[in-house]
Amino acid sequence: SLSLDQRFLLGGGWRKRISDKNSRGYFDLALGSFYEKEIYPSFENIPSFVKKNLRLTFNVYNKIYLLENLSIINTVYSQWKSSYLEDFRLFHESQLILNLNKFNIYISYELRRQNITYIPIEKNDSNYTLGFNFTL
């Protein structure tokens, strides 16, 4: 978790479908860059402060249909500070989705890694979610 009071992003990029359109899913790659302004809250003896960065991104997206109504989606984001590549953030999410007509059940796993933290927080953060959604 970034533990921010506020984050502003402005950027853009390019995304390309790599897999065959007739395959049972998709595989995409993306490149981009963005400007970020982050406002951190005061923490213990550290006063509130602002960080401004230009970051580069490389992302991977894929979806695989295991069965007609069962799929897995994977998303990997990487964000690299352009002036210091050792300052990076990684995010991975996998989601297994069972589609039951207008009702979905899913299990999701998220993993976040922030190589350099600006305040004393955990570098790794993970989360499991069991959920459902429906279409009206």
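Me: Which residues form one aromatic cluster with Phe 49 here?
Reply: In this model, which is a predicted one, Phe 49 forms one aromatic cluster together with Tyr 40 and Tyr 118.

Me: And which charged end sits over the ring of Tyr 118?
Reply: That is Lys 51, whose charged end sits over the Tyr 118 ring at 4.5 Å from the centre of that ring. Another such arrangement involves Arg 15, with its charged end placed over the ring of Tyr 61, 3.8 Å from the ring centre.

Me: How many aromatic pairs does the structure hold?
Reply: There are 8 aromatic pairs in the structure. One of them is formed by Tyr 77 and Phe 91, and this pair is tilted, with 5.6 Å from centre to centre and 35 degrees between the planes. The pair links distant parts of the chain, since Tyr 77 belongs to strand β4 (residues 70-81) and Phe 91 to strand β5 (residues 88-100), 14 residues apart.

Me: Is Phe 91 buried or exposed?
Reply: Phe 91 counts as buried because its relative accessible area is 13%, which is under the 20% limit for that label. Its partner Tyr 77, with a relative accessible area of 33%, is partly exposed.

Me: Switching to the sheet, what order do the strands have?
Reply: The 7 strands make up an open sheet with antiparallel pairing, in the order β1-β2-β3-β4-β5-β6-β7. At the edges are β1 (6-17) and β7 (124-134), each of which pairs on one side only. From one strand to the next, the twist averages 15 degrees.

Me: Over how many bridges do β5 and β6 pair?
Reply: Strand β6 (residues 103-114) and β5 pair over 12 bridges, in the antiparallel sense. One bridge joins Leu 100 to its partner Phe 103, which lies in β6.

Me: What about Asn 101, where is it found?
Reply: Asn 101 lies in the loop between β5 and β6, and its phi is near 65 degrees, a positive value in a residue that is not glycine. As background, most residues other than glycine have a negative phi.

Me: Is Asn 101 buried or exposed?
Reply: Asn 101 is exposed, because its relative accessible area is 75% and the label applies over 50%.

Me: Now Glu 36, which strand is it found in?
Reply: Glu 36 is part of strand β2, which covers residues 25-40. Glu 36 is also buried, with a relative accessible area of 0%.

Me: So which side chain does the Glu 36 side chain make a polar contact with?
Reply: The side chain of Arg 7 is the partner in that polar contact, at 2.7 Å. Leaving aside residues up to four places away in sequence, Glu 36 touches Arg 7, Phe 8, Leu 9, Lys 51, Lys 52, Asn 53, Arg 55 and Arg 89.

Me: Arg 89 is on that list, so how far apart in space are Arg 89 and Ile 116?
Reply: From C-alpha to C-alpha, Arg 89 and Ile 116 are 8.1 Å apart in space, while in sequence they are 27 residues apart.

Me: And what does Ile 116 touch?
Reply: Not counting residues up to four places away in sequence, Ile 116 touches Tyr 84, Glu 86, Asp 87 and Phe 88. Ile 116 itself is found in the loop between β6 and β7, and with a relative accessible area of 25% Ile 116 is partly exposed.

Conventions
Residues are numbered from 1 along each chain as its sequence is written. This is a predicted model: local features need pLDDT of at least 70, side-chain atom pairs count only at pLDDT 80 or more; totals for chains, interfaces and linings use all residues. Side-chain values use heavy atoms; hydrogens and water are left out. Helices (H or I, at least four residues) and strands (E, at least two) are DSSP runs, numbered from the N terminus. Buried means under 20% relative accessible area, exposed over 50%, partly exposed in between (1.4 Å probe, protein chains only). A polar contact is a pair of N or O atoms within 3.5 Å; within protein, one must be able to donate a hydrogen and the other to accept it, and residues adjacent in sequence count only if both atoms are side-chain atoms. Contact means heavy atoms within 4.5 Å. Rings of Phe, Tyr and Trp (its six-membered ring) pair if their centres lie within 6.5 Å; planes under 30 degrees apart count as stacked, over 60 as edge-to-face and the rest as tilted. A charge sits over a ring if NZ of Lys or CZ of Arg is within 6 Å of the ring centre and within 35 degrees of the ring normal. Two strands pair if DSSP finds at least two bridges between them. Axes are lines fitted to C-alpha atoms, for helices over the stretch in contact, and angles run from 0 to 180 degrees between N-to-C directions.
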